[in-house]
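Please look at the sequence and the fold together before reading the points below, which go through some strands and the nonpolar cores in turn.

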Amino acid sequence: MGLYEKMNRLDELRGRLTMAIVLAGIGITMFFISMGFGPSTPGMIFGLLIGLLGIPFGLGTTKKYKELYKEIFVEEPLRQNFENVLYAWKNGFNEATVRNFRLFNMGNIFKSEDYLRARYKGINFELSDVTVMRNQGKSTYTIFRGRIIVFDLPNKFIAPMRVYSKRFPSKSRNFKNGSEKIEMESVEFNKLFDVYSLSGHDTFYLLTPQMMEGLTKLQNMYPAIVAGFEGNKVLFAIHEAFNDAFDNVNKTQKLDYFTEIARTQKDIDDIKNIIDIVDQMDMQETVGMNGSMVNNGMNYSGMNYGSINNNMNNTNQYYTSL
């Protein structure tokens, strides 16, 4: 199927999805209006049937729409910008892996999707959208919603450290309780960030003026961020509640091909901006606990990552090796 046929098919699915939403809305409206005329009226039953038909029809159409959208607007730009791409949009990091990241506190509701594994500028990375919420009785609040990016620096071994922007809503108690809050020499940086580390000595080696400038640039680009450094991994979490990566929010609106490609390219450029900052680390000396080399087996304070494939959820797999 060529691009023209795929765009027509996507527009056809959009029309079906719009129809499903309208049907469900009519059914629900008829149901509640008919309730005023007494229980089990014909209008009430008819409205319920229409609503019950519209909802599953809409869910099935949404799945097909999303799959085709990813194929048209996400996969090709990823191929053009990165190497060794594996894209699995139905998958994400599993909950245990995110917990071990120790970037923020966890809740009792967890979701992750849009898993991407690729290579750029010689740096391997993984990315996924993550949502963590907590339900407490009648109320539910969001702890984190955004994307997490994990970079692999095989020749670097870094003492555990977290750099939180002041606006970041949930600092990991698990990490803070075993670390020391560090004040940097830059007053302006201290106004924007809170730094926690297991080694103040190593923190000053890693957070050079160039690194702090890069983190400040990211802080100005996003609502809230945290950078984590540990062993041979660098982690970034961007808390951006209303901007999921590689997604189209309004599925009932007719799409313009170039607008959607530009949207995906912006998400890709965001990844590249962060990698450019991570790449600065590669020019520095290896930093270890108290300035010394540390063991390659990354396992500080209970933090232990499995292999790259084990970081993914194992349900509803949809892998696209690009």
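1. On strand S9, both faces are covered, since Lys233, Leu235, Ala237 and His239 on one side and Val234, Phe236 and Ile238 on the other are all buried, where buried means under 20% relative accessible area with a 1.4 Å probe, counting protein chains only. Strand S9 spans residues 233–239, and strands here are DSSP runs of E with at least two residues, while helices are runs of H or I with at least four, numbered from the N terminus.

2. This is a predicted model, in which local features need pLDDT of at least 70 and side-chain atom pairs count only at pLDDT 80 or more, whereas totals for chains, interfaces and linings use all residues. Residues are numbered from 1 along each chain as its sequence is written, and side-chain values use heavy atoms, leaving out hydrogens and water.

3. Strand S4 (residues 139–152) pairs with S9 in the antiparallel sense over 7 bridges, pairing being called when DSSP finds at least two bridges between two strands; Gly146 stands opposite His239 in S9. Strand S8 (residues 224–231) is also antiparallel to S9, over 7 bridges, with Val226 as the bridge partner of Ala237, and a hairpin joins S8 to S9 through 1 residue.

4. The largest nonpolar core, a set of buried Ala, Val, Leu, Ile, Met, Phe, Trp, Tyr and Cys residues joined through side-chain atoms within 4.5 Å, has 53 residues, and Phe246 is among those that touch the most other members. Helix H2 (residues 42–81) gives the most to this core, with 7 residues. A second, separate core of 23 residues includes Val226 and Ala237.

Conventions:
Buried < 20%, exposed > 50% of the residue type's maximum accessible area, 1.4 Å probe, protein only.
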